Amino acid sequence: MMTAEELIDEGNTELAMGEMERAVEWFEKATVADPDSFDAWYALGVAKMKLGDYPAAIQAGKKAIELRPNEQMGYTSLSMTYARDGQIQEAEDMAAKARMLSWGGKIDPGKTE
């Protein structure tokens, strides 16, 4: 059985080759292999966003920041997804959190949204 990291690597290979749907399949397998993997949820969110599946991308992004609430790139990616989905206020809220983290701040794990 492959580890989440190995599954993510396979997904990243597909991503690099432009095979977005196949990348999503690998990333989904990684979230099953390790439901607590920030990297798996983050990668799934980015891939879903690139496919235009914004609701699924947002759900994956929310799971990623729940797992690692002080990871700047999680908020940055979620902000971009919200913006592409037309949810401007949510996009601005996530961008503000990403900026705060870039300045060395911390986010209360209970207040990721």
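In the predicted model, I8 is in contact with F27, A30, S37, D39 and A40 once neighbours within four places in sequence are set aside. I8 also belongs to the largest nonpolar core, a set of 17 residues in which I8, F27, A30, W41, L44 and A47 touch the most other members. Helix 1, helix 2, helix 3 and helix 4 (54-67) are the elements that contribute two or more residues to this core. A second core, of 10 residues, lies apart from the largest one and includes I65, Y75, L101 and I107.

The packing of the N-terminal helices was examined next. Helix 1 spans residues 4-16, and its axis runs 8 Å from that of helix 2, at an angle of about 170°. Because angles over 145 degrees count as roughly antiparallel, helix 1 and helix 2 are assigned to that class. On the side of helix 1, the residues that meet helix 2 are A4, L7, I8, E10, G11, N12, E14 and L15. Their counterparts in helix 2 are M20, R22, A23, W26, F27, K29, A30 and A33. Classified by residue type, this contact comprises 10 nonpolar, two polar and four charged residues. I8, F27 and A30 thus appear in the contact between the two helices, and these three residues are also among those touching the most other members of the largest core.

E6 is likewise a residue of helix 1. With a relative accessibility of 38%, E6 is classed as partly exposed, because that class covers values between 20% and 50%. The C-alpha atoms of E6 and A30 are 8.2 Å apart in space, although 24 residues separate the two in sequence.

Within helix 2, which covers residues 20-33, T31 was considered individually. T31 has a relative accessible area of 9% and is therefore buried, the limit for this class being under 20%. A polar atom of the T31 side chain lies 2.7 Å from the backbone oxygen of E28. Beyond its neighbours within four places in sequence, T31 is in contact with A40, W41 and L44. Of these partners, W41 and L44 are among the residues that touch the most other members of the largest core, and A40 is also a contact of I8.

Helix 3 extends over residues 38-51 and includes K48. Although lysine counts as a charged residue, K48 is buried, with a relative accessible area of 14%. Its contacts, leaving aside neighbours within four places in sequence, are V24, E28, D53, A56 and A57. E28 is therefore a contact of K48, and its backbone oxygen is the atom that lies 2.7 Å from a polar side-chain atom of T31.

Attention then turned to the later helices. L78, a residue of helix 5 (residues 72-84), is buried, with a relative accessible area of 3%. Not counting residues up to four places away in sequence, L78 touches I58, G61, K62, I65 and M94. One of these partners, I65, is a member of the core of 10 residues. The C-alpha atoms of L78 and D34 are separated by 21 Å, the two residues being 44 residues apart along the chain.

The loop between helix 5 and helix 6 contains Q87. This residue counts as partly exposed, at 24% relative accessibility. Apart from its neighbours within four places in sequence, Q87 is in contact with I58 and Y82. I58 is accordingly a contact of Q87 and is also touched by L78.

Helix 6 comprises residues 88-102, and S102 lies within it. S102 is partly exposed, with a relative accessible area of 40%. Between the C-alpha atoms of S102 and A33 there are 31 Å, with a separation of 69 residues along the chain. A33 is one of the helix 2 residues that meet helix 1.

Key:
Residues numbered from 1 in each chain as written. Predicted model: local features only at pLDDT ≥ 70, side-chain atom pairs only at ≥ 80, totals over all residues. Heavy atoms only, no water. Helix = DSSP H or I, 4+ residues; strand = E, 2+ residues; numbered from the N terminus. Buried < 20%, exposed > 50% of the residue type's maximum accessible area, 1.4 Å probe, protein only. Polar contact = N/O pair within 3.5 Å; in protein donor to acceptor, adjacent residues only side chain to side chain. Contact = heavy atoms within 4.5 Å. Axes fitted to C-alpha atoms, helices over the stretch in contact; angles between N-to-C directions. Parallel < 35°, antiparallel > 145°, perpendicular 65-115°, else oblique. Core = buried A, V, L, I, M, F, W, Y, C linked by side-chain atoms within 4.5 Å.
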